[in-house]
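Visitor: I have a structure in front of me and little practice in reading one. Could you take me through it feature by feature?

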Amino acid sequence: TCTGNANAVATLPGDPCIIAYGSITLTGAQLTVGGSRPVIFLATGTAGISLDSASVISASSITGTTGAGALASCDGGAAATQKGGGCGGSFLVLGGAGGPGSGDQPTAVGVPAPALAMPAALHGGCPGGVGANNNFTTPSRGGGAVALVAHTLALGGGLVAAGGDGGYASNDDNAGGNGGGAGGMIVLDAPTITGGGELDAKGGGGGEGRGGNQPTSGAPGYYPANRFVESFGGSTFTSSGGD
């Protein structure tokens, strides 16, 4: 639990949680970081930070949990009406618009918030929009934010993830699916970076609308239970959410 940064001269933009050691070595580690504050892993010595191929650091939002530093809201956009689908979350690019329900006016769809400017602080992605009449009224959060800061980063094939959550389908008929949250932010900051690995900051898939069918929710942008379906929109034979 991060309660403060006693050694910080002043509060940094975004008020990150700073985990600082002389060196940080992850071997077969499965690290999940969540909450309202983004996280910085800081190695102050020359040995730096190293991750082996079995290590994962995830600041992702998954099935209702909030990745560290994901944004609670973003200004702009428009809510879905009639039976329209919610929009996808935005970040440096625009999220996807929601789809219209059967018989809807074209303007009934959820409109995403404008894309954000280049960040001046460490933070995650925007949440997705809520579909019209969807009984799941909490927006799906975007991915969180994590930074690795050191003299040397040795990436031995590990994974750093900041995926957005998938949008929920509705339990009630004549409702639009919720939009998925945007992918978050991953920062690597070092004079020397060696090796390789995976950086995964995909947005979540959109939930499927309901109109007599049994809809499915969108998959999160990082989904360790089944990574073959990451970011897919909910889909049956009758309709589908956006990937």
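Guide: We can start at the surface, keeping in mind that this is a predicted model. Leu-92, Val-93 and Met-118 make a nonpolar surface patch of about 340 Å².

Visitor: Where is Leu-92 found?

Guide: Leu-92 sits in the loop between S4 and S5.

Visitor: Is Leu-92 buried, partly exposed or exposed?

Guide: Buried means under 20% relative accessible area, exposed means over 50%, and partly exposed is in between. Leu-92 has 45% relative accessibility, so it counts as partly exposed.

Visitor: Which residue shows the buried case in that loop?

Guide: Take His-123, which is also placed in the loop between S4 and S5. His-123 is buried because its relative accessible area is 17%. Leaving aside neighbours within four places in sequence, its contacts are Gly-69, Leu-71, Phe-91, Leu-116, Ala-145 and Met-185.

Visitor: How do I read a nonpolar core, and which residues touch the most other members of the largest one?

Guide: A nonpolar core is a set of buried residues of certain kinds, Leu and Phe among them, joined through side-chain atoms. The largest one here has 20 residues, and those that touch the most other members are Phe-41, Ile-49, Leu-51, Ile-57 and Leu-148. Two or more residues come from each of strand S1 (17-26), strand S3 (39-51), S5 and S6. S3 gives the most, with five residues.

Visitor: What does Ile-57 touch?

Guide: Not counting residues up to four places away in sequence, Ile-57 touches Leu-26, Leu-31, Phe-41, Leu-51, Val-146, Leu-148, Leu-159, Val-160 and Ala-161. There is also a second, separate core of seven residues, which includes Phe-91, Leu-122, Ala-147 and Met-185. Phe-91 and Met-185 were both in the list of contacts of His-123.

Visitor: Now the charged residues. How many salt bridges does the structure hold?

Guide: Side chains of opposite charge can pair when their charged atoms come close. The structure holds eight salt bridges. In one of them, the side chains of Asp-15 and Arg-37 meet at 3.3 Å, N to O. This pair links distant parts of the chain, with Asp-15 in the segment before S1 and Arg-37 in the loop between strand S2 (30-32) and S3, 22 residues apart.

Visitor: Are Asp-15 and Arg-37 buried or partly exposed?

Guide: Asp-15 is partly exposed, with a relative accessible area of 35%. Arg-37 has 19% relative accessibility and so counts as buried.

Visitor: Which residues are joined into one network by salt bridges that share partners?

Guide: Begin with one pair: the side chains of Glu-198 and Arg-227 form a salt bridge of 2.6 Å, N to O. Glu-198 lies in strand S8 and Arg-227 in the segment after S8, so the pair ties together parts 29 residues apart in sequence. Arg-227 also meets Glu-230 in a salt bridge, at 2.8 Å, N to O. Glu-230 counts as buried because its relative accessibility is 9%. Through shared partners, salt bridges join Glu-198, Asp-200, Lys-202, Arg-227 and Glu-230 into one network.

Visitor: What joins the side chains of Thr-236 and Glu-208?

Guide: The side chains of Thr-236 and Glu-208 are joined by a polar contact of 2.7 Å. Thr-236 lies in the segment after strand S8 (192-200). Its C-alpha atom and that of Thr-216, 20 residues apart along the chain, are separated by 7.4 Å.

Visitor: Which backbone oxygen does the side chain of Asn-178 reach?

Guide: The side chain of Asn-178 reaches the backbone oxygen of Phe-136, at 2.9 Å. Asn-178 is in the loop between S6 and S7. With 1% relative accessibility, Asn-178 counts as buried. Leaving aside neighbours within four places in sequence, its contacts include Gly-129, Asn-134, Tyr-168 and Gly-206.

Visitor: The last feature on my list is backbone angles. Which residue has a positive phi although it is not a glycine?

Guide: Gln-82 is one case, with a phi of about 55°. Its place is in the loop between strand S4 (56-58) and strand S5 (145-149). Asn-174 is another case, also with a positive phi of about 55°. Asn-174 lies in the loop between strand S6 (152-161) and strand S7 (185-189). At 45% relative accessibility, Asn-174 counts as partly exposed.

Note on methods
Residues numbered from 1 in each chain as written. Predicted model: local features only at pLDDT ≥ 70, side-chain atom pairs only at ≥ 80, totals over all residues. Heavy atoms only, no water. Helix = DSSP H or I, 4+ residues; strand = E, 2+ residues; numbered from the N terminus. Buried < 20%, exposed > 50% of the residue type's maximum accessible area, 1.4 Å probe, protein only. Polar contact = N/O pair within 3.5 Å; in protein donor to acceptor, adjacent residues only side chain to side chain. Contact = heavy atoms within 4.5 Å. Patch = residues over 30% accessible without salt bridge, like charges linked within 9 Å, V, L, I, M, F, W, Y side chains within 5 Å. Areas by Shrake-Rupley, 256 points an atom, 1.4 Å probe, with all protein chains shown as cover. Salt bridge = Lys/Arg side-chain N within 4 Å of Asp/Glu carboxyl O. Core = buried A, V, L, I, M, F, W, Y, C linked by side-chain atoms within 4.5 Å.
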